[in-house]
Amino acid sequence: MWALEWEGQFLVVDAGLMFPQEDMLGIDLVLPDISYLLEGGRKVLGIFLSHGHEDHIGGLPYALKKLNVPVYGTRLTLGLVKPKLKEHRILREADLREVRVGDSVQLGPFRVETVAVCHSIPDAVALAIQTPVGRVLHQRFQARPRSSRRPPDRHGALPPPG
Ligand SMILES: [Zn+2]
């Protein structure tokens, strides 16, 4: 989970989970701590999902139970999210908003554009986020795998992942 803040307004990207490591005896799941986002005076505008891997969407049901905000994602990503929300009995009240590659969504002071990238799951996107003070690129994976014959990403100018 990653968050961008501007004057008390937050854009959250991804809500994953981690599986416990050897020294975490008795722990089933490691979830993001969203208590900071729940503090008074803070407004979360939405959660943008970059792709459907568990370490990016697995914590979403737990986050939405405390913070029911719109969730943006591509079709496959939301398709993977729905059974999880159903299992947690929160699918009906969830506000899922499908986006396509190249779409731009304005969320308060943030304008989020989805950018096609190659990843080991289809329908993955990087996010180019225009803020009042500049542009932020959220990209958690290799934009252009070295050993791939797939066509290059639409945005060939993306920097390598950090
Ligand atoms: Zn992934």
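1. Contacts of L64. In this predicted model, L64 touches I90 and A94 once its neighbours within four places in sequence are left aside. L64 belongs to helix α3, which covers residues 60-66. L64 counts as buried because 23 C-beta atoms lie inside 10 Å, and the threshold for that class is 20 or more. L64 and L85 are 21 residues apart along the chain, and their C-alpha atoms are separated by 9.0 Å.

2. Helix α4. L85 is also one of the buried residues of α4, which are T77, L78, L80, V81 and L85. The cover over these buried residues includes α2 (54-57), α3, β4 and β5. The helix has 13 residues, and the distance from its first C-alpha to its last is 19 Å, close to the 18 Å expected at 1.5 Å a residue. An α-helix has 3.6 residues a turn, so residues three or four places apart point the same way. That spacing is worth keeping in mind when looking at the buried positions T77, L80 and V81 in α4.

3. The residue after α4. What follows α4? The helix is followed by R89, with a positive phi near 60°. R89 is not a glycine, and its place is the loop between α4 (75-87) and β5 (96-98). Most residues other than glycine have a negative phi. R89 is exposed, because its C-beta has 10 others within 10 Å and the limit for exposed is 12 or fewer.

4. A second positive phi. D123 is not a glycine either, and its phi is positive at about 65°. D123 lies in the loop between β7 and β8 (125-131). Is D123 buried or exposed? D123 counts as buried, because 21 C-beta neighbours lie inside 10 Å. R89, by contrast, is exposed.

5. The nonpolar core. The largest nonpolar core holds 32 residues, and those with the most contacts inside it are F10, L11, V12, F48, L60 and L127. Two or more residues come from each of β2 (9-13), β3 (43-48), α3, β4 (71-73), α4, β7 and β8. F48 can serve as an entry point for a viewer: apart from residues up to four places away in sequence, F48 touches L11, V13, Y72, V112 and L127.

6. The hairpin at the start of the chain. Strand β1 (residues 2-6) runs antiparallel to β2, and five bridges join them. Within this pair, L4 stands opposite L11, a residue that also appears among those with the most contacts in the core. Two residues separate β1 and β2 in the hairpin, and E7 in the turn has a positive phi of about 50°.

7. The four-stranded sheet. Which strands form the open sheet, and in what order? Four strands take part, in the order β6-β7-β8-β9, with antiparallel pairing. The strands β6 (104-107) and β9 (134-138) are at the edges with a single partner strand each, so one side of each has no neighbour in the sheet. On average, neighbouring strands here are turned by 25° against each other, direction ignored. Strands of a sheet pair through backbone hydrogen bonds, either parallel or antiparallel.

8. Pairings inside that sheet. Four bridges join β6 to β7 (residues 110-116), running antiparallel. L107 faces F110 across this pair, and V105 stands opposite V112. V112 is also one of the residues that F48 touches. The β6 and β7 strands make a hairpin with two residues between them, and G108 in the turn has a positive phi of about 55°. On to the next pair: β7 and β8 are antiparallel over six bridges, with A116 opposite V125.

9. The chain as a whole. How many helices and strands does the chain have? The secondary structure comes to four helices and nine strands. Along the sequence, the pattern reads β-β-α-β-α-α-β-α-β-β-β-β-β. The chain has 162 residues, of which 32% count as buried. Among contacts between residues at least 6 apart in sequence, 59% join residues at least 24 apart.

Methods
Residues numbered from 1 in each chain as written. Predicted model: local features only at pLDDT ≥ 70, side-chain atom pairs only at ≥ 80, totals over all residues. Pairing = 2+ DSSP bridges. Axes fitted to C-alpha atoms, helices over the stretch in contact; angles between N-to-C directions. Contact = placed C-beta atoms within 7 Å. Core = buried A, V, L, I, M, F, W, Y, C linked by C-beta atoms within 7 Å. Expected span 1.5 Å × (residues − 1).
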